[in-house]
Amino acid sequence: MSGVGTHPGQAQFILLPHALSESIEAVRERLAASGYAELQRIQCQLESGRIILRGTVSSYYLLQLALHEVKQIVGSVEIESHIEVARL
């Protein structure tokens with residue numbers, strides 16, 4: 001399965017399965033390098049061509065930061081977030 005996406009004013013691009021797998025590794029590395037231990041614990045998986053995020057963070061700021069970091073890597077690939085905000 002491949003992910004297809006476009007951005008207004010940009011050419012269409014296609015992410016093939018191997019590229020999605022490489023993206024998962026890049027996401028894990030980016031979260032690990034964030035400097036936030038909570039982001040380092042977020043689980044990242046590829047399911048049916050979507051990026052699935054699971055974990056718990058202590059603030060909405062960290063939730064938004066995690067999503068921002070992932071979006072920077074995967075572009076318009078669908079991201080499904082199961083990250084919860086709870087006091088740790």
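**Nonpolar core and salt bridges**

The largest nonpolar core contains 18 residues, and the members that touch the most others are L39, I42 and I51. Three elements each give two or more residues to this core: helix α1 (17-32), strand β4 (50-57) and helix α3 (60-74). Of these, α3 supplies the largest share, with 6 residues. The structure is a predicted model. In soluble globular proteins, nonpolar side chains tend to be buried together.

The surroundings of L39 were examined further. When neighbours within four places in sequence are left aside, L39 is in contact with L31, S34, V57, L62, L65 and A66. Among these partners, L31 falls within the span of α1, 17-32, and V57 falls within that of β4, 50-57. L62, L65 and A66 fall within the span of α3, 60-74.

Charged side chains were considered next. Side chains of opposite charge can pair when their charged atoms come close. The model has 4 salt bridges in total, and three of them are described here, beginning with a pair inside one helix.

E25 and R28 form a salt bridge, with an N to O distance of 2.9 Å. Both residues belong to helix α1 and are 3 residues apart, which is about one turn of the helix. E25 has a relative accessibility of 39% and lies between the limits of 20% for buried and 50% for exposed, so E25 counts as partly exposed. R28, at 38% relative accessibility, counts as partly exposed for the same reason.

A salt bridge also joins R54 to E47, and the closest N and O atoms of this pair are 3.5 Å apart. R54 has a relative accessible area of 29% and is therefore partly exposed. E47 is likewise partly exposed, because its relative accessibility is 30%.

The side chains of E80 and R50 form a further salt bridge, at 3.4 Å from N to O. This pair connects distant parts of the chain: E80 lies in strand β5 (residues 79-85) and R50 in strand β4, with their positions 30 residues apart in the numbering. E80 has a relative accessibility of 24%, above the 20% limit under which a residue is buried, so E80 counts as partly exposed. R50 is also partly exposed, with a relative accessible area of 24%.

Key. Residues are numbered from 1 along each chain as its sequence is written. This is a predicted model: local features need pLDDT of at least 70, side-chain atom pairs count only at pLDDT 80 or more; totals for chains, interfaces and linings use all residues. Side-chain values use heavy atoms; hydrogens and water are left out. A nonpolar core is a set of buried Ala, Val, Leu, Ile, Met, Phe, Trp, Tyr and Cys residues joined through side-chain atoms within 4.5 Å. Buried means under 20% relative accessible area, exposed over 50%, partly exposed in between (1.4 Å probe, protein chains only). Helices (H or I, at least four residues) and strands (E, at least two) are DSSP runs, numbered from the N terminus. Contact means heavy atoms within 4.5 Å.
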